[in-house]
Amino acid sequence: MPASGDAASRRRQTRLRREYLYRKSLEGKEKAAYEQKRVIREALASGKPLPTEVRASYDKLQKQIDAEDITTDTPRSHIDNEYGDAGLLEPRVCVTTSRDPSSRLKQFSKEVKLLIPNSTRINRGNNRVDELIESCRQSEFTDVVVVQETRGEPDGLVVCHLPLGPTAYFSINNAVMRHDLDPPAAPMSEAYPHIILNNFHSELGKRVGNILKCLFPVPRPDTKRVVTFSNDNDFISFRHHMYSKPTHDSVTLHEVGPRFELRLYQIRLGTMDQKEADNEYVLRPYQNTAKKRKMLG
């Protein structure tokens, strides 16, 4: 029975992947049709004659234009489908480490687990990446977060969205654990936090901000917990605070921790175990000039 269940799961993942690739292949045609409909709308609104290139397809496209509403009058891509249920279903995040983690990396992963609501920390053991991803799919996790290290210092963070991606790879710098904060960290709250995304204005920045914020569920309006991702020259500063209002016109911040900086270096259109997945973004050495550095802002 378990063998048949695994086979059914593999068939389902194959079907989902095939549907995803098919939708992606249609994007070029849909974008061309959208441009034609946009030209027709503008011509009709201004009372000008239709351009020559859209007259042959006017009768067919006019029916589509009349049937459109606010959700269908703009083109949608595979990126919209990846996080189509964001805000409707609460995310379930699996937090794990690279193989043979040090005690410091284990502590860091525990703090990441406490940081993200509805998350579960598991021991990696000797599991391969494909075994880890398949197990998380069967357990219906929405995301996998893997923390990595070099010589006992956390230096990598991988955020993999399930079931079909994307996967974002970050480097970690200046990681400070909760017990290393001065003054000491405030108690860790379990309330769903407000998310502050600062200076994510470019298309890539919006993409990265969406990947990060979708790790967290929708908070209550009155929660006093705040998680901040602040971009400065493509370095993302992470801060975690609780706030209180001693009086009606003052606010006091209490840092909860941990504290670290992230640097995006790759986004792949697939999960961690898919070696053939396309690269959506890769950090290149020639981008390190002052003029080209600000990719997220």
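A cavity is a set of grid points where a 1.4 Å probe fits but cannot get out. The views below use that term and show a predicted model.

**Figure 1. The protein as a whole.**
The predicted model has 8 helices and 11 strands. Of its 297 residues, 39% count as buried. The protein exposes about 17000 Å², and carbon and sulfur atoms supply 52% of that area. Among contacts with a separation of 6 or more, residues 24 or more positions apart account for 64%. The count of cavities of 30 Å³ or more comes to 2, and each has its own view below.

**Figure 2. The largest cavity and its lining.**
The volume of the largest cavity is about 140 Å³. Its lining is made up of 15 residues. Those that lie nearest the centre are Val 112, Leu 115, Ile 116, Leu 157 and Phe 260. Three elements give two or more residues to this lining: α6 (103-115), β4 (153-161) and β10 (259-269). The largest share, 3 residues, comes from α6. By class, the lining has 15 nonpolar residues, with no polar and no charged ones.

**Figure 3. The second largest cavity and its lining.**
About 40 Å³ of space lies in the second largest cavity. The residues that line this cavity are Leu 204, Asp 234, Arg 263, Leu 264, Tyr 281, Met 295 and Leu 296. Sorted by class, 5 of the lining residues are nonpolar and 2 are charged, while none is polar. Asp 234 and Arg 263 are the charged residues of this lining, because Asp and Arg belong to the charged class. Tyr 281 is counted with the nonpolar residues, because Tyr belongs to that class here.

**Figure 4. Ser 250 and its surroundings.**
Ser 250 sits in the loop between β8 (235-244) and β9 (252-255). Is Ser 250 buried, partly exposed or exposed? The relative accessible area of Ser 250 is 26%. Buried means under 20% and exposed means over 50%, so Ser 250 counts as partly exposed. Leaving aside residues up to four places away in sequence, Ser 250 touches Ser 244 and Lys 245. Which residue has a side chain joined to that of Ser 250 by a polar contact? The partner is Thr 247, and the polar contact between the two side chains is 2.6 Å.

Terms used:
Residues are numbered from 1 along each chain as its sequence is written. This is a predicted model: local features need pLDDT of at least 70, side-chain atom pairs count only at pLDDT 80 or more; totals for chains, interfaces and linings use all residues. Side-chain values use heavy atoms; hydrogens and water are left out. On a 1 Å grid over the protein atoms alone, a cavity is a set of points where a 1.4 Å probe fits but cannot get out, and a pocket is an open set with protein on both sides within 12 Å along at least five of seven lines; lining residues have an atom within 4 Å of a point. Grid points are joined across faces, edges and corners, and a volume is the space filled by probe spheres set on the points. Helices (H or I, at least four residues) and strands (E, at least two) are DSSP runs, numbered from the N terminus. Buried means under 20% relative accessible area, exposed over 50%, partly exposed in between (1.4 Å probe, protein chains only). Contact means heavy atoms within 4.5 Å. Accessible areas come from the Shrake-Rupley method with a 1.4 Å probe; for residues, only the protein chains shown count as cover. A polar contact is a pair of N or O atoms within 3.5 Å; within protein, one must be able to donate a hydrogen and the other to accept it, and residues adjacent in sequence count only if both atoms are side-chain atoms.
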